[in-house]
Amino acid sequence: MASGDVWILGITMTKFGKRPETDTVGLAAEATRGALKDAGVSMRDVGVLAAGNLMGGGALGQQLQKQVGQTGIPVYNVANACATGATALRTAIMAIKAGEVDMGLAVGVEKLSGAGLLGVRGPRAQSDTWQPEGRQGAIMGLDGRVNTDNMPGTFAQIGMEYGHKYGGVSFELFARISEKNHGHSTLNPLAAYNKAMSKEQIMSDVMIAYPNTRPMCSANCDGAAAAVVVSDEKLKTLSDDQRKRAIRVAASVLTTDPYEVGCQVLPNVNTLTKNAAKQAYETAGVSPEDLDLVELHDCFATAELVHYDNLMLCDEGNAVDFFESGAPHRDGRLPVNVSGGLQSKGHPIAATGIANIWEICHHLRGEAGDRQIQGAKVGLAHVIGLGSACGVHILEKAAA
Amino acid sequence: MTQTAPSRIPLVDYLVLDPEPHLVAQECTNCGARYFDHRDACAGCFEDEFSPVDVPPTGEVTAFTIVSYAPPGVDAPFVGAIVDCGGTPVRANLRDVEPTPEQVTLGMKVALTTYSLGTDSAGTEAIGFGFAPA
Ligand SMILES: [Zn+2]
């Protein structure tokens, strides 16, 4: 323990999937109360609340307080696309680092079951005559007329672009990445889907945006995750049991995409991830070889491939070889998305950036049951929100 | 004097129809960054002077997807692609090519093409653009 460190004291995720019996606030409350219980503390101990939610209207934090405890603490309602959960967690971490509070709570929640393709806006109202509108002087909606605004198609191109640059990609390769994650989810009781799928099943499923078929896309679902974070000083005052299960936040990084040629034509999800990873490894004083497991943002099978490279799990340009070596399988050299990933565990957007940290913590604490990665000491969690924002956290098991 | 309505209007204002259809980018006069929208300032160097530059009408496909579900009024499947036009990446659909992975390939050479998007009540024809195999 070093002064200035921040620790995850308690963390939980709800069952992901269809949760018609409860509303957004109810899911957030379930995760929040779960995290508080896991931490062995109450709302009275919490000095700041960061609440992440995209679809619910922007005041989740206060609505949540009214169900779980109104103590008058500051609330930050956070939205940062698919990086919302990681941003909420980082908000609580920053408040501790700033010395304003010694304990904070972050929660992310989404109700998404039944949502269709994300990223698609409705058609414009039809007028009698063509009227140029907006910053491109468009006379009608450009989605589908000038490329696509939908996420499966956007991330399909991101994977294909990698293939154009370095070679070796194919429909089959992307399907096998998805096969890996669906296989992993069979060991995760909290995943939205727990069904293994063969490469053939995945390839013959409904094509959404080539090369991404339906099982290669993140699963829209309901879910929440929450974490209690504490300062080093506060942790020292807590019980042995609490200290033993605490997980050190070795790095907490958030980046956006710097300007590069073409980044406003096709979103560049690579550079900001590389920047975040580099900063995180430096801060944590670890290298990719030190990692025991990684949860990365596989919003589509095509995205997982490029992030092997962006997170420097392999040499530049070698993501295909990295996958072919078997490394990212749960019995491989560096397991990736043993939770099942967004494709099978599910992707309740604002919950994802805390749920992936829960997965890492679960292994570092040795509490992951059937899917435990034995002896895990260091893990990395990554999320990316298109637009773009990237969150990378490196977590370490307590030394003692 | 009554003004006659133009007989054709481009889908976006960075598509210029005459004398030959071509795309026009806004180029930062300081750093050379190219944009296809109305700018407040340059995202690369923060300066705020731009001049219009013609984008070459031919290029190479550097990324593509074949989208199965389209918004209302758009035919599916369609091919969305990024075309590198002599160093300027352009966002577009591919046209005049079968939307299958057998026909659409990374690195394929393409050229700008235009097509009709229909006519409004004033008789003005909307013109869209895409890229077709060269
Ligand atoms: Zn500039």
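B:Asp96 sits in the loop between strand 8 and strand 9 of chain B. In this predicted model, the residue has a phi near 55°, a positive value for something other than glycine. With a relative accessibility of 61%, B:Asp96 counts as exposed. Chain A offers a comparable case in A:Met312, with phi near 60°, again positive in a residue that is not glycine. A:Met312 belongs to the loop between helix 10 (301-310) and helix 11 (319-324) of chain A, and its relative accessibility of 29% makes it partly exposed.

Chain B also holds a couple of cis peptide bonds worth a look. One joins B:Asp18 and B:Pro19, with omega at about -5°. B:Pro19 falls in the loop between strand 2 (15-16) and strand 3 of chain B. Another cis bond runs from B:Ala76 to B:Pro77, where omega is near -5°, and B:Pro77 is placed in the loop between strand 6 and strand 7 of chain B. These features stand out because most residues other than glycine have a negative phi, and most peptide bonds are trans.

Next comes the metal site. The zinc ion takes its protein donors from chain B: the SG atoms of B:Cys28, B:Cys31, B:Cys42 and B:Cys45, lying 2.3 Å from the ion. Along the sequence, these donor residues follow the spacing C-x2-C-x10-C-x2-C. Within the set, B:Cys31 and B:Cys45 form a pair that links distant parts of the chain, 14 residues apart. B:Cys31 comes from the loop between strand 3 (22-28) and strand 4 (34-35) of chain B, while B:Cys45 comes from the loop between strand 4 and strand 5 (50-55). As for geometry, the 4 donor atoms subtend angles of 99 to 115° around the zinc ion, so the arrangement is tetrahedral. The paired cysteines fall into separate accessibility classes: B:Cys31 is partly exposed at 40% relative accessibility, whereas B:Cys45, at 18%, is buried. The cut-off for buried is under 20%.

Then there is the interface between the chains. Here, 54 residues of chain B are in contact with 40 residues of chain A. Between them the chains bury about 3800 Å², and 60% of that area is on carbon and sulfur atoms. On the chain B side, B:Leu11, B:Tyr69 and B:Arg91 lose the most area to chain A, together accounting for 17% of what that side buries.

Polar pairings cross the interface as well. The count comes to 21 residue pairs in polar contact between chain B and chain A, both partners being at pLDDT 80 or more. Several strands of chain B each supply at least two residues of the side that touches chain A: strand 1 (8-10), strand 4, strand 6 (58-67), strand 7 (78-85), strand 8 (88-94), strand 9 (109-119) and strand 10 (125-133). Strand 6 gives the most to that side of chain B, with 8 residues. The interface also has 2 salt bridges. A salt bridge brings together the side chains of A:Arg135 and B:Asp40, at 2.6 Å from N to O.

Inside chain A, A:Asn53 makes a good stopping point. A:Asn53 lies in the loop between strand 2 (48-52) and helix 2 (60-68) of chain A, and with a relative accessible area of 10% the residue is buried. A polar atom of the A:Asn53 side chain lies 2.7 Å from the backbone oxygen of A:Val109. The same side chain makes a polar contact with the side chain of A:Glu110, at 3.0 Å. Beyond its neighbours within four places in sequence, A:Asn53 is in contact with A:Val109 and A:Glu110, along with A:Thr24, A:Leu60, A:Val78, A:Ala79, A:Thr84 and A:Ala350.

The last residue to pick out is A:Ile394, part of strand 11 (residues 389-397) of chain A. At 0% relative accessibility, A:Ile394 counts as buried. Once neighbours within four places in sequence are set aside, the contacts of A:Ile394 include A:Arg248, A:Val249, A:Ala250 and A:Ala251. Also among them are A:Ala280, A:Tyr281, A:Ala284 and A:Val286, as well as A:Val378, A:Gly379 and A:Leu380. By C-alpha atoms, A:Ile394 and A:Thr186 are separated by 25 Å, and along the chain they are 208 residues apart.

Key. Residues numbered from 1 in each chain as written. Chains lettered and ligands numbered in written order. Predicted model: local features only at pLDDT ≥ 70, side-chain atom pairs only at ≥ 80, totals over all residues. Heavy atoms only, no water. Donors = N, O, S within 2.8 Å, 3.2 Å for Na, K, Ca; no water. Tetrahedral: all angles 85-135°; square planar, octahedral: opposite > 155°, others 65-115°. Helix = DSSP H or I, 4+ residues; strand = E, 2+ residues; numbered from the N terminus. Buried < 20%, exposed > 50% of the residue type's maximum accessible area, 1.4 Å probe, protein only. Contact = heavy atoms within 4.5 Å. Buried area = accessible area lost by both parts, 1.4 Å probe. Salt bridge = Lys/Arg side-chain N within 4 Å of Asp/Glu carboxyl O. Polar contact = N/O pair within 3.5 Å; in protein donor to acceptor, adjacent residues only side chain to side chain.
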